[in-house]
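These are my notebook entries on a single chain. I record what I looked up, topic by topic.

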Amino acid sequence: MTTAWTWRFEKADGTEVRPAVEPEEFTTQGDAESWIGEHWKALQEGGADQVRLYEETDEIYGPMSLHADAS
């Protein structure tokens with residue numbers, strides 16, 4: 001059985017939003033992280049403020065901001 005890695009896209013308050021770029025279902029954490037690295041700007045411009053990464057139903061980490069650090 002293949003493990004599925006998925007992203008949850010949220011506003012800053014944690015409300016789930018539909019992503020501007022539809023993600024695939026990833027088979028590795030690295031593939032999921034590479035995808036977010038390529039698409040974070042379009043996702044942010046489309047209304048997502050942060051993301052959470054899941055392995056199946058387990059949250060691996062998050063929320064991770066899609067906004068560049070201003071400092």
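Entry 1, aromatic rings. I began with the rings and found that ring pairs link Phe9, Phe26 and Trp35 into a cluster. I note at the outset that the model is a predicted one. A search of the whole structure gave three aromatic pairs. One of them is formed by Trp7 and Tyr61, an edge-to-face pair with 6.2 Å from centre to centre and 70° between the planes. This pair links distant parts of the chain, since Trp7 is in strand β1 and Tyr61 is in strand β3, 54 residues apart.

I then looked up the accessibility of both partners. Trp7 has a relative accessible area of 8%, which is under 20%, so Trp7 counts as buried. Tyr61 stands at 26% relative accessibility and therefore counts as partly exposed, because partly exposed covers the range between 20% and 50%.

Next I turned to the pair of Phe26 and Trp35. The ring centres of Phe26 and Trp35 lie 5.8 Å apart and the planes stand at 50°, so I entered this pair as tilted. The label follows because only planes over 60 degrees apart count as edge-to-face and only those under 30 as stacked. Both Phe26 and Trp35 are buried.

Entry 2, the sheet. I traced the strands and found three of them in an open sheet, in the order β1-β2-β3, with antiparallel pairing. The edge strands are β1 and β3, each of which pairs on one side only. From one strand to the next the twist averages 20°.

For β2 and β3, which run antiparallel, I recorded five bridges. Glu55 has Asp58 in β3 as its bridge partner, and Gln50 has Ser65 in β3 as its partner. β2 and β3 form a hairpin with two residues between them.

Entry 3, backbone exceptions. For background, I noted that most residues other than glycine have a negative phi and that most peptide bonds are trans. Which residue in the turn of the hairpin has a positive phi? It is Glu56, in the loop between β2 and β3, with phi near 55° although the residue is not a glycine. Glu56 has a relative accessible area of 37% and is partly exposed.

I also looked up the peptide bond from Gly62 to Pro63, which is cis, with omega near 0°. Pro63 lies in strand β3.

Entry 4, the helix. Helix α1 covers residues 29-45, 17 residues in all, and reaches 24 Å from its first C-alpha to its last, close to the 24 Å expected. I nevertheless recorded a bend of about 60° in α1 at His39. After α1 comes Gly47, whose phi is positive, near 115°.

Which residues of α1 are buried? They are Ala32, Trp35, Ile36 and Leu43. I then asked against which elements the buried residues of α1 pack. The buried residues of α1 pack against β1 (5-10), β2 (50-55) and β3 (58-65). In keeping with this, α1 lies across β1, β2 and β3, and runs at about 25° to β1.

Entry 5, cross-reference. I closed by marking two residues that recur in these entries. Trp35 is among the buried residues of α1 and also belongs to the ring cluster with Phe9 and Phe26. Glu56 belongs to the turn of the β2 and β3 hairpin and is partly exposed.

Technical notes
Residues are numbered from 1 along each chain as its sequence is written. This is a predicted model: local features need pLDDT of at least 70, side-chain atom pairs count only at pLDDT 80 or more; totals for chains, interfaces and linings use all residues. Side-chain values use heavy atoms; hydrogens and water are left out. The expected span of a helix is 1.5 Å times one less than its number of residues. The bend at a residue is the angle between axes fitted to the seven residues ending there and the seven starting there. Buried means under 20% relative accessible area, exposed over 50%, partly exposed in between (1.4 Å probe, protein chains only). Contact means heavy atoms within 4.5 Å. Rings of Phe, Tyr and Trp (its six-membered ring) pair if their centres lie within 6.5 Å; planes under 30 degrees apart count as stacked, over 60 as edge-to-face and the rest as tilted. Two strands pair if DSSP finds at least two bridges between them. Axes are lines fitted to C-alpha atoms, for helices over the stretch in contact, and angles run from 0 to 180 degrees between N-to-C directions.
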